[in-house]
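Me: Please take a close look at one strand residue of this chain and at what surrounds it, and then set that part in the context of the whole. I would like a connected account rather than a list.

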Amino acid sequence: MLNRVNAPNDLSAFWMPFTSNRQFKQTPRMLVAAKDMHYTTADGRQVMDGTAGLWCVNAGHCRPKIVEAIQHQAAELDYAPAFQMGHPIAFEFANRLVDMAPVGLNHVFFTNSGSESVETALKIALAYQRVKGQGARTRLIGRERGYHGVNFGGISVGGIVGNRKMFGTLLTGVDHLPHTHLPAKNQFTRGEPEHGAELADELERIVTLHDASTIAAVIVEPVSGSTGVLIPPKGYLQKLRQICDKHGILLIFDEVITGFGRLGTPFATDYFGVKPDIMITAKGVTNGVIPMGAVFVTSEIHDAFMTGPEHMIEFAHGYTYSGNPIACAAGLATLETYKEEGLLERGPEIAGYWEDALHSLKGEPHVIDIRNIGLVGAIELEPIAGEPTKRAFSAFLKAFERGALIRTTGDIIALSPPLIISKTQIDELIDHVREVLRAID
Ligand code: PMP
């Protein structure tokens, strides 16, 4: 029996992710084209992309070099497996990624998304401990308000109740560090907050509770993005690194958002001068154009897997599309675009301007905090009593009507424009937000 035939404009078949489907389908917001800093809506309006899609389109939209690379690769070698077979472009892309990665992160495992990169990193960490004869190290430590994608490992180490509570038992043996958001002490901070490095000492408490010999890895986002741009206090990441080193615990940075220039440096690892053992990336690795993720590991971790019997598969993990040729072509063209335009190092030139523009919103209606780092910013709004999220969501709707795409999480507006944004466009984006704040209740 066939399903009923839907009219082309029937919106019911697509169950949209992380969307209020019922609300959206009454008043849909459709994007039909994009170029550089702007989307075009179905009714022909230009909307400035204040969020680089979902924190991913770092070089802006429909960049010709990336489009051509995808078209060429699709015609040349569309798909080839990477299980017991190879294709040159995946090796070439891995080499280019390692060339630009923080020193010591010398090997790359390809996935198709941030969530898959997270699962891959957690599995590498657990398997590494086993390979090293430390099989009792099975515990994982995440952090409150951490977002690590939506698969079971990721929601277990993640710290967002709303993303966990519908799904029953998650991974066991998981602890969480406290989040680092201290609004009373660090309100309206520019860049890294002064207060809160001591929150890293909670790791010592967890180690004392369980014993270091049971703990495999700690996973954090260097800057938490999805839960409202929570920037680590000065010295916090350094402390985490020291405590991990002291106890033989692996440190994993989830750089799905912070990777590829978001902080004004290639990676957050470069920004903070703290090196993880495993670095998770996705999004900007292909400018968001083709789904892809890349997990970077140290030689020590990689090489530990290479010492078993030669005929064995060293790591029982991988995806049909790991190292997909078209994704690799998009990735290579993305890296070239970043390089030619200096996009991964725009920090010194643009971050100060961005910071001043963002903080000019202090004093506007509803604003209770503003935070920024690199080309990321958050504007926290006073919640309406009993209706958290409502005020920011109405700001989102109003901004879209006015011609700017912003993102909201709870009562926080998060901004992360493409790294190609000009100073004039920064002014324009911030003016949209200013007008919206003045217009909402
Ligand atoms: N980790 C972090 C830090 C993220 O921000 C995201 C996505 N926003 C993910 C993981 C998951 O990525 P994806 O949606 O590609 O699975």
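Reply: Two residues are taken to be in contact when their C-beta atoms, placed from the backbone, lie within 7 Å of each other. The model is a predicted one, and the residue chosen for the close look is Asp 254, which lies in strand β8 (residues 250–254). Leaving aside residues up to four places away in sequence, Asp 254 touches Val 118, His 148, Ile 219, Val 220, Glu 221 and Ile 280. A residue counts as buried if 20 or more other C-beta atoms lie within 10 Å of its own, and Asp 254 is therefore buried, since it has 34 C-beta neighbours inside 10 Å. Its relation to Ile 413 gives a sense of scale, for Asp 254 and Ile 413 are 159 residues apart in sequence, while their C-alpha atoms are 21 Å apart in space.

The ligand is the next topic. The shell around the ligand has 14 residues, and those that come nearest are Ser 113, Gly 114, Ser 115, Gly 149 and Val 256. Helix α5 (residues 114–131) supplies the largest share of this shell, with 3 residues. By class, the shell around the ligand holds 5 nonpolar, 7 polar and 2 charged residues.

A useful contrast with Asp 254 is Phe 188, which sits in the loop between α8 (183–186) and α9 (202–210). Phe 188 has 14 C-beta neighbours inside 10 Å and so counts as partly exposed, whereas Asp 254 counts as buried. Apart from residues up to four places away in sequence, Phe 188 touches Lys 362, Asp 369 and Ile 370. Computed along the chain, Phe 188 and Glu 340 are 152 residues apart, and their C-alpha atoms are separated by 35 Å.

Two loop residues deserve mention for their backbone angles. Most residues other than glycine have a negative phi. Asp 211, in the loop between α9 and β7 (215–220), has a positive phi of about 80° although it is not a glycine; with 12 other C-beta atoms within 10 Å, Asp 211 is exposed. Asp 36, in the loop between β1 (31–35) and β2 (38–41), likewise has a positive phi, near 50°, but Asp 36 is partly exposed, with 15 C-beta neighbours inside 10 Å.

On the wider scale, the protein chain is divided into domain 1 (21–62 + 343–439) and domain 2 (67–340), whose C-alpha centres lie 26 Å apart. Between them, 33 residues of domain 1 are in contact with 29 residues of domain 2. On the side of domain 1 that touches domain 2, at least two residues each come from α2 (52–55), α14 (347–359), β11 (367–373), β12 (376–381) and β15 (412–415), and β11 gives the most, with 5 residues. That side of domain 1 has 16 nonpolar, 10 polar and 7 charged residues. Gly 352 belongs to helix α14 and is partly exposed, with 13 other C-beta atoms within 10 Å; although Gly 352 and Gly 191 are 161 residues apart in sequence, their C-alpha atoms are 9.9 Å apart in space.

Helix α13 (residues 325–340) offers a check on geometry: at 1.5 Å a residue its 16 residues should span 22 Å, and its end C-alpha atoms are 22 Å apart, which agrees. Of the 16 residues of α13, 13 are buried, so this helix is largely enclosed by the rest of the structure. Just after α13, Gly 342 takes a positive phi of about 60°.

As for the chain as a whole, its secondary structure comes to 16 helices and 15 strands. A compact globule of 441 residues would have a radius of gyration near 22 Å, and the protein chain has 22 Å, which agrees; its C-alpha trace spans about 65 × 55 × 55 Å along the principal axes. Buried residues, of which Asp 254 is one, make up 48% of the 441 residues. Among contacts with a separation of 6 or more, 72% join residues 24 or more positions apart.

Methods. Residues numbered from 1 in each chain as written. Predicted model: local features only at pLDDT ≥ 70, side-chain atom pairs only at ≥ 80, totals over all residues. Near = placed C-beta within 6 Å. Helix = DSSP H or I, 4+ residues; strand = E, 2+ residues; numbered from the N terminus. Nonpolar A, V, L, I, M, F, W, Y, C, P; charged D, E, K, R; others polar. Expected span 1.5 Å × (residues − 1). Rg over C-alpha atoms; globule rule 2.2 N^0.38 Å. Domains from an automatic or database assignment.
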